[in-house]
Amino acid sequence: MSKVRAHISTSLDGYVAGPNQSEENPLGEGGEDLHEWVTALKAWREPHGMEGGEVNASSPIVEQEKDDVGAEIMGRGMFGPPGGGPWGDDPWPGWWGEDPPFHMPVFVLTHHEREPLTLSDTTFTFVTGGIESALAAAREAAGGKDVFIGGGAQVINEYLAAGLADEIELHVVPILLGGGERLFAGVGPDLKLEALRAVEAPGVAHLKYRVVK
């Protein structure tokens, strides 16, 4: 059976975005620093149409993250804009421009109905029925491949707390944000994880776990 997988960058104090997120600063204060390790990689830059980049111990991690993934789920906070609310007459198109980097069906959890949005080869479907409804739709769209939970923290926490996630990989960056969106908030103590691998790389440690059920 297909897996439900997540990976996300986090600070040492457990935050995946900093405080005071805004349209001008979508990852909050200090949040961009969580991703310096990946944006420098050739494996990240090439799919985003950028030249150059490093090759190091993080490269195979990034290259394998979307292997056998057929659909993605994300929260309204990740799709944006900050603050949420009704979509309005000129609805937000996401952060990624006319050619989003997903290249697969994406299901956005939201409280506000909206017609699907297709940009290039990515179709965003807006789901108001909750995490189980989104997962059922994503599994069908994935056609037997894995489903990826893209974030943010609240969505990953909800899937973990509900026992619906199978694997999670943390990219732990040696910074302290002091506030923002916290991973694992409200999830424990019943969640049990089994370590699958640990990889040390420049500016980050990759920790992959299986959810014990």
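In this predicted model, helix α6 spans residues 153-161. Its buried residues are Ala-153, Val-155, Ile-156, Asn-157, Tyr-159 and Leu-160. An α-helix has 3.6 residues a turn, so residues three or four places apart point the same way. After α6 comes Gly-163, with a positive phi near 75 degrees.

Ile-156 is one of the buried residues of α6. Beyond its neighbours within four places in sequence, Ile-156 is in contact with Ala-6, Ile-8, Ile-149, Gly-151, Ile-168 and Leu-183. Ala-6 and Ile-8 sit on one side of β1. Ile-156 also belongs to the largest nonpolar core, which has 29 residues. Ile-73, Ile-149, Ile-156 and Tyr-159 have the most contacts inside this core. At least two core residues come from each of β1, β3 (69-75), β4 (106-109), α5 (131-142), β7, α6 and β8. Another core lies apart from this one. It has 14 residues, including Leu-117, Phe-124, Phe-126 and Phe-148.

Strand β1 covers residues 4-11. Of its 8 residues, 8 are buried. In a regular strand the side chains alternate between the two faces of the sheet. Both faces of β1 are covered. Val-4, Ala-6, Ile-8 and Thr-10 are buried on one side. Arg-5, His-7, Ser-9 and Ser-11 are buried on the other.

β1 has parallel pairings with two strands, β7 and β8. The pairing with β7 (residues 146-151) runs over 3 bridges. Here Arg-5 stands opposite Phe-148. The pairing with β8 runs over 7 bridges. In that pairing, His-7 has Glu-169 as its bridge partner.

Rolling a probe the size of a water molecule over the atoms shows where empty space is left. The count of cavities of 30 Å³ or more comes to 1. The largest cavity holds about 30 Å³ of space. Its lining consists of Arg-5, Ala-6, Ile-149, Ile-156, Tyr-159, Leu-160 and Ala-165. β1 and α6 each supply at least two of these residues. The largest share, 3 residues, comes from α6. By class, the lining has 6 nonpolar residues, no polar residues and 1 charged residue. Ile-149, Ile-156 and Tyr-159 line the cavity and are also among the residues with the most contacts inside the largest nonpolar core.

The second largest pocket contains about 150 Å³ of space. Arg-5 and Ala-6 appear in its lining, as they do in that of the largest cavity. The pocket is further lined by His-7, Ile-61, Gln-64, Glu-65, Phe-148, Glu-167, Ile-168, Glu-169, Arg-197 and Lys-208. β1, α3 (59-64) and β8 (167-173) each supply at least two lining residues. By class, these residues divide into 4 nonpolar, 2 polar and 6 charged. Two bridge pairs of β1 recur in this lining. Arg-5 and Phe-148 both line the pocket and stand opposite each other across β1 and β7. His-7 and Glu-169 are likewise lining residues and bridge partners across β1 and β8.

Glu-140 lies in helix α5. Glu-140 counts as exposed because its relative accessibility is 69%, and the cut-off for exposed is over 50%. The C-alpha atoms of Glu-140 and Ala-71 are separated by 8.9 Å. These two residues are 69 residues apart along the chain. The helix of Glu-140, α5, is among the elements that supply at least two residues of the largest nonpolar core.

Terms used: Residues are numbered from 1 along each chain as its sequence is written. This is a predicted model: local features need pLDDT of at least 70, side-chain atom pairs count only at pLDDT 80 or more; totals for chains, interfaces and linings use all residues. Side-chain values use heavy atoms; hydrogens and water are left out. On a 1 Å grid over the protein atoms alone, a cavity is a set of points where a 1.4 Å probe fits but cannot get out, and a pocket is an open set with protein on both sides within 12 Å along at least five of seven lines; lining residues have an atom within 4 Å of a point. Grid points are joined across faces, edges and corners, and a volume is the space filled by probe spheres set on the points. Helices (H or I, at least four residues) and strands (E, at least two) are DSSP runs, numbered from the N terminus. Ala, Val, Leu, Ile, Met, Phe, Trp, Tyr, Cys and Pro count as nonpolar, Asp, Glu, Lys and Arg as charged, and the others, Gly among them, as polar. Buried means under 20% relative accessible area, exposed over 50%, partly exposed in between (1.4 Å probe, protein chains only). Two strands pair if DSSP finds at least two bridges between them. A nonpolar core is a set of buried Ala, Val, Leu, Ile, Met, Phe, Trp, Tyr and Cys residues joined through side-chain atoms within 4.5 Å. Contact means heavy atoms within 4.5 Å.
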